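Reader: I have just started learning to read protein structures, and I would like to understand how the descriptive words are chosen. Could we go through one example together, setting each value against its definition?

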Amino acid sequence: MRLLVLLAAPLSILVLHMAAAASPTGSVAPGRLERWVRSGLQSLQWDQLDRCLRMSSLSEAECRRLAHLPMSAVAVYVSEPRTAAGNSDKVLAILPDSSGGMVSSKPRGGYTVSQVLNRGEGPLRHQQSFPGSTAHDAVLVLDPSPGENFGHPVVLFYVDVNVTKKRCTHLDGIYLGDECLTLALKGRCQNQLKRRQTGPERLMGNGRLRSGTITTSSGSRLVERAAGGLCEVHFLPLVVGVGDSNRTQRLRCVEHAEFARCPQPLPMGSPSLPVSSCELNKNTRRCHQQPLATHLSCRLYQTCDHAVLISGGWQQQMTFQRHVQNLQKFYRMLQNNGFHKDHIKTFFASSGQLPEDIEGVYSATEKAVIRNHVSYVCRKQHCADTLVLYLNSPTRNDGTMLLWDANLNGIADLKERYSVNELLADLAGCKATRVLLFVDQSYSGVLSKRLRGSQKHLNVVLIQSQTRQTYNHQRLSPGWEDSSWSYISSATCLLDHLGKGTGMSRLLEPWAGLLNVTLAGAPCNATPPLTDGEMRREYQGCQNLPTALWHQKPRRTN
């Protein structure tokens with residue numbers, strides 16, 4: 001099982017930058033597209049086979065079976081060419097989780113990032129410069145996990161035309177006639193790879209770093225994944241054309257009988273529409289919603305159950321209908337457990353596009369608003385009895401959540417990402433009786449590890465989806481399964497319900513005391529059992545507190 005997970009981690013997305021041989025209709029010719037897809041898959045599968053043979057005791061036949069990935073399981077994305085050929089149709093891939101946002105390979109000349117995004121007219125205004133990054137001819141993305149939460153490893157290749165075999169070999173590329181596929185990784189990660197280069201590679205003396213890969217004189221290529229996943233990318237890139245100051249996304253999913261069906265992104269009327277100008281273009285309740293009044297969340301002499309739902313999405317192609325359905329189910333579950341609609345705040349996508357049955361919806365573009373609300377509810381004495389957070393955003397491999405690309409530059413700027421450190425700071429010393437983190441996103445192991453070693457979060461419980469994870473807690477897939485969170489009722493004992501899966505009881509053991517209650521905080525297995533009226537009156541929603549208790553000073557703890 002460990003081997004299966006090990007092999008699955010790198011097989012999440014394969015991204016190829018390649019020559020766009022345009023058909024008369026303006027799209028990549030199907031025959032050439034299939035050839036590029038097969039070449040990319042074959043390269044990736046050889047890498048998986050090599051890893052299997054080196055790191056396991058399985059036979060070659062077994063390793064070949066595990067490494068096989070049919071095209072029918074892969075969703076294919078390709079950039080739409082603007083012209084048939086020439087520098088005017090060069091494109092650049094911008095990645096949100098890279099230092100500087102770019103993917104890198106060995107430069108071979110051509111356009112720089114500044115030229116691509118600024119029509120070759122010098123430095124960008126209001127934009128970060130990325131020296132050394134160059135444009136290529138087109139982009140192909142292969143996703144073996146269509147529809148999964150983004151935050152799974154990505155393998156990238158550039159494919160350029162009119163490249164000689166000698167030059168392609170020098171780039172450690174795969175030569176396809178006059179086309180060359182070269183491995184590309186997150187920008188500026190080479191120094192990290194050098195620092196983590198293993199002892200034997202240093203001792204060999206003839207090892208060299210090329211395009212984010214470690215190569216030896218024998219020609220064998222150790223893809224960076226073996227060095228700890230530092231350079232992998234985990235999201236669909238923003239693919240922009242040379243001179244496109246509007247940064248229009250050129251990447252499109254390809255519907256083809258040989259490939260997996262394309263995931264259906266959530267329709268958004270105006271994904272680039274600033275919230276501030278919403279009322280000028282639309283006339284809906286969502287547009288005229290007042291700013292979040294966090295200071296009104298806590299009332300005098302009253303304690304309530306509160307919830308914060310965060311589903312950033314990052315950009316339209318990575319936001320699916322499933323994310324809306326997850327929010328609907330979780331919202332409905334909270335209401336069935338007595339949470340008042342005024343105490344459930346949902347932060348979603350660019351302007352909170354959600355069905356009308358979910359109230360209290362705000363844009364995920366304002367990180368400061370999210371953090372202020374979580375911090376306020378936490379810091380205010382007696383404000384929250386149970387505080388629930390539902391996290392379902394694209395996630396970097398360090399656990400950082402991507403909210404929304406508000407400035408449409410494709411890069412996760414500081415205001416557009418919510419890091420583990422920031423979340424822990426907002427929850428530190430929380431005065432709620434219990435804080436329940438329902439995490440339905442990738443790389444939750446980072447947060448789990450930090451919580452287990454913290455003395456400032458003793459009342460914070462991390463609740464993960466029962467899904468497959470890698471040996472180092474890298475991946476977490478979405479799930480509403482047998483122990484689905486949507487099935488938590490007002491009488492459900494959390495410890496019993498959440499501990500149904502294999503090994504879950506052991507994982508939840510440190511928090512058994514906090515989870516031996518219902519979601520509203522009622523004790524499990526009370527004798528005699530609580531009536532529905534007692535449950536609603538004494539535990540669900542809000543309860544009035546005696547004046548003496550309200551003014552009682554909190555006990556000091558070391």
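Author: Let us begin with Leu-327, which lies in helix H9 (residues 321-336), where helices (H or I, at least four residues) and strands (E, at least two) are DSSP runs, numbered from the N terminus. This is a predicted model, in which local features need pLDDT of at least 70 and side-chain atom pairs count only at pLDDT 80 or more, while totals for chains, interfaces and linings use all residues. Residues are numbered from 1 along each chain as its sequence is written, and side-chain values use heavy atoms, with hydrogens and water left out.

Reader: Why is Leu-327 called buried?

Author: Buried means under 20% relative accessible area, exposed means over 50%, and partly exposed is in between (1.4 Å probe, protein chains only). Leu-327 has a relative accessible area of 0%, and therefore it counts as buried.

Reader: What is Leu-327 in contact with, leaving aside its neighbours within four places in sequence?

Author: Contact means heavy atoms within 4.5 Å, and with those neighbours left aside the partners of Leu-327 are Leu-309, Ser-311, Thr-346, Phe-348, Leu-354, Ile-358 and Tyr-390. For one of these partners, Ile-358, the C-alpha atom is separated from that of Leu-327 by 8.4 Å, although the two residues are 31 residues apart along the chain.

Reader: How do you know whether Met-71 is buried or exposed?

Author: Met-71, in the loop between H3 and S2, has a relative accessible area of 8%, so Met-71 is buried. Leaving aside neighbours within four places in sequence, Met-71 is in contact with Val-37, Arg-38, Leu-41, Glu-258, Phe-259 and Ala-260. The C-alpha atoms of Met-71 and Arg-38 are separated by 7.6 Å, with their positions 33 residues apart along the chain.

Reader: What makes Cys-52 and Cys-63 a disulfide?

Author: A disulfide is a pair of cysteine sulfur atoms within 2.5 Å, and the sulfur atoms of Cys-52 and Cys-63 are 1.9 Å apart. By this rule the count comes to six disulfides.

Reader: Why is the disulfide of Cys-52 and Cys-63 called left-handed, and which parts does the pair tie together?

Author: The torsion about the S-S bond of Cys-52 and Cys-63 is about -75 degrees, and so this disulfide is left-handed. Cys-52 lies in helix H2 (residues 30-55) and Cys-63 in helix H3 (residues 60-67), so the pair ties together parts that are eleven residues apart in sequence. Both Cys-52 and Cys-63 are buried.

Reader: How do you know that Cys-304 and Cys-542 form a disulfide, and is their link left-handed or right-handed?

Author: The sulfur atoms of Cys-304 and Cys-542 are 2.0 Å apart, and they form a disulfide; with 110 degrees about the S-S bond, the link is right-handed. The pair links distant parts of the chain, with Cys-304 in strand S14 and Cys-542 in strand S22 (residues 542-544), 238 residues apart.

Reader: Why do Cys-304 and Cys-542 count as they do, buried or partly exposed?

Author: Cys-304 has 4% relative accessibility, and therefore counts as buried, whereas Cys-542 has 27% and therefore counts as partly exposed.

Reader: Why is strand S5 described as largely enclosed by the rest of the structure?

Author: Five of the five residues of strand S5 (residues 139-143) are buried, so the description follows. Val-139, Val-141 and Asp-143 point one way from S5, while Leu-140 and Leu-142 point the other way, and all are buried.

Reader: What makes strand S2 and S5 a pair?

Author: Two strands pair if DSSP finds at least two bridges between them, and strand S2 (residues 75-79) and S5 have four bridges, in the antiparallel sense. Within this pairing, Ala-75 stands opposite Asp-143 in S5.

Reader: At what angle do helix H11 and helix H12 pack, and why is H11 called oblique to H12?

Author: Helix H11 (residues 420-427) and helix H12 (residues 444-452) pack at an angle of about 40 degrees, with their axes 11 Å apart. That makes H11 oblique to H12, because angles under 35 degrees count as roughly parallel, over 145 as roughly antiparallel, 65 to 115 as roughly perpendicular and the rest as oblique. The axes are lines fitted to C-alpha atoms, for helices over the stretch in contact, and angles run from 0 to 180 degrees between N-to-C directions.
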